Structures are given as C-alpha cells and as structure tokens.
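Q: Could you take a close look at one part of this model for me? I'd like to see how the side chains around one helix pair up with the rest, and how open they are to the outside.

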Amino acid sequence: PMAVRSAVPWSRSRRRPSPRRSVVFAAASRSHQLLNGLLLAASATTVVCTVVLLLQPSRWGVLLAGAGCVTLLLRARLFPTPRQRVPMLVGGAASAGLLLQATVAGSAPTARMLIWLVMVTVVAGLVLAAGLAYSRSSPSPYMGRIGDILDVVAIMALLPLACGVIGLYQSLQGLFAGVV
C-alpha cells in the first residue's frame, strides 16, 4: 500500500533549524549596503558616460545621454529609501544639467544665462507644483502606470541608441550597399 504523506505542509521544515535573527538581520543589512553601493556606482557611471558622450557630440550620443538621464530619473521612483533614491536622482539631474550645458555651449553668454534661468525656473516650478499637489493626496494609479511605461520605453531605447553611437547602423548600411 501507498504510504500516506503528512498532511501538515510545514512538517518537513522542522528538520532544519531556522537561522538566528542576528544572522538574518546582518545578511539583510549587507544586502542593503551592497544595493546602495551598486546604485551609487551606476549613477556615477552614467554621469561619466554622459560627459564622454558629450565631449564629441553626435546625434546618437546626445540621444543616448538623454535616454540614460531619463532612465535614471524614472528608475529612482521604484526604490523605497532615500539612500537608494538620492544617488539616482542626483545622477539624473547632473546628466540633465550636462545635456543642457552641451546644448547651450555655442550660445552667447547672455543667452546662455537666460536659458539656464528659464530652465531652472521651469524645473523648480514643476517640482513645487508636484510637491504641493501630491502632499495632499497620492498620485493616481494611472500616473504610476504611465511612469512604468515610460521607464520601460527609456530602458528599451538604450540598446538601439548605443548601437547608433558605436556606428553599427552605418556599418550595416555600408555592408548592404555593396550587396545590391
């Protein structure tokens, strides 16, 4: 006859002793520190790569730097603690500032200062309006879904833009031009 298994699903786990709380808390703390370090490194790398892309600006390079900036800013909203959000927000804001600086670099000094003033005023106004609006009530789920969709689109755009930066499309165009 068939042996009847125990009807209690947790009876198997009683054979192994559960780990001590201090060990679990130490492992969780190490994992949080590791995640914080990785997010800081990713943010710093994005800023450095933005600088490298903008030293020899091309259409593909500027688009890739912009997509990286948007990706960092949208990704930051998914992390719960300030230790995890702040490096991404600072990296995204620094990348956006570098992009703006590269955009206005050829302008006259007065026009540059005016553009910076307008951009800082617009961003500060948007942040203030969002802060006032969402201090009373949380954003709707539709806003969260729109953010999710934009986040996925920005991440998906990174690979094709990187292919454009390294010249893959031009190489393929030249390769197929010889076929015809």
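A: Let's start with a word we'll need: a residue is called buried when its relative accessible area is under 20%, exposed when that figure is over 50%, and partly exposed in between. Keep in mind that this is a predicted model.

Our part is helix α2, which covers residues 59–75. Take C69 to try out the word: its relative accessible area is 5%, so C69 is buried. C69 is in no disulfide, and the nearest cysteine sulfur, belonging to C49, sits 13 Å away. A disulfide needs the two sulfur atoms within 2.5 Å, so this pair doesn't qualify. C49 itself is partly exposed, at 39%. Search the whole structure and you'll find zero disulfides.

Now go to W60, in helix α2 as well. W60 teams up with Y169 in an aromatic pair, with 5.5 Å from centre to centre and 45 degrees between the planes. Why is that called tilted? Planes under 30 degrees apart count as stacked and those over 60 as edge-to-face, so the rest, this pair included, are tilted. Y169 belongs to helix α6 (residues 168–177), so the contact ties together parts that lie 109 residues apart in sequence. Both rings are partly exposed: W60 has a relative accessibility of 27%, and Y169 comes in at 36%. The count of aromatic pairs is one.

Next up is charge. Side chains of opposite charge can pair when their charged atoms come close. The model has three salt bridges. R75, again in helix α2, pairs with D151 of helix α5 (residues 141–165), so parts 76 residues apart in sequence are tied together. The closest N and O atoms of R75 and D151 are 2.7 Å apart. D151 is buried, at just 2%, while R75 is partly exposed, at 30%.

Step past the helix into the loop between α2 and α3, and you meet R77, whose partner D148 is in helix α5; this links parts 71 residues apart in sequence. Their N-to-O distance is 2.6 Å. R77 is partly exposed at 31%, and D148 is too, at 27%. D148 also forms a salt bridge with R145, with the closest N and O atoms 3.7 Å apart. R145 and D148 both lie in helix α5, three residues apart, which is about one turn of the helix. R145 counts as exposed, at 52%. Through the shared partner, R77, R145 and D148 join into one network.

Terms used. Residues are numbered from 1 along each chain as its sequence is written. This is a predicted model: local features need pLDDT of at least 70, side-chain atom pairs count only at pLDDT 80 or more; totals for chains, interfaces and linings use all residues. Side-chain values use heavy atoms; hydrogens and water are left out. Rings of Phe, Tyr and Trp (its six-membered ring) pair if their centres lie within 6.5 Å; planes under 30 degrees apart count as stacked, over 60 as edge-to-face and the rest as tilted. Helices (H or I, at least four residues) and strands (E, at least two) are DSSP runs, numbered from the N terminus. Buried means under 20% relative accessible area, exposed over 50%, partly exposed in between (1.4 Å probe, protein chains only). A salt bridge is a side-chain nitrogen of Lys or Arg within 4 Å of a carboxyl oxygen of Asp or Glu.
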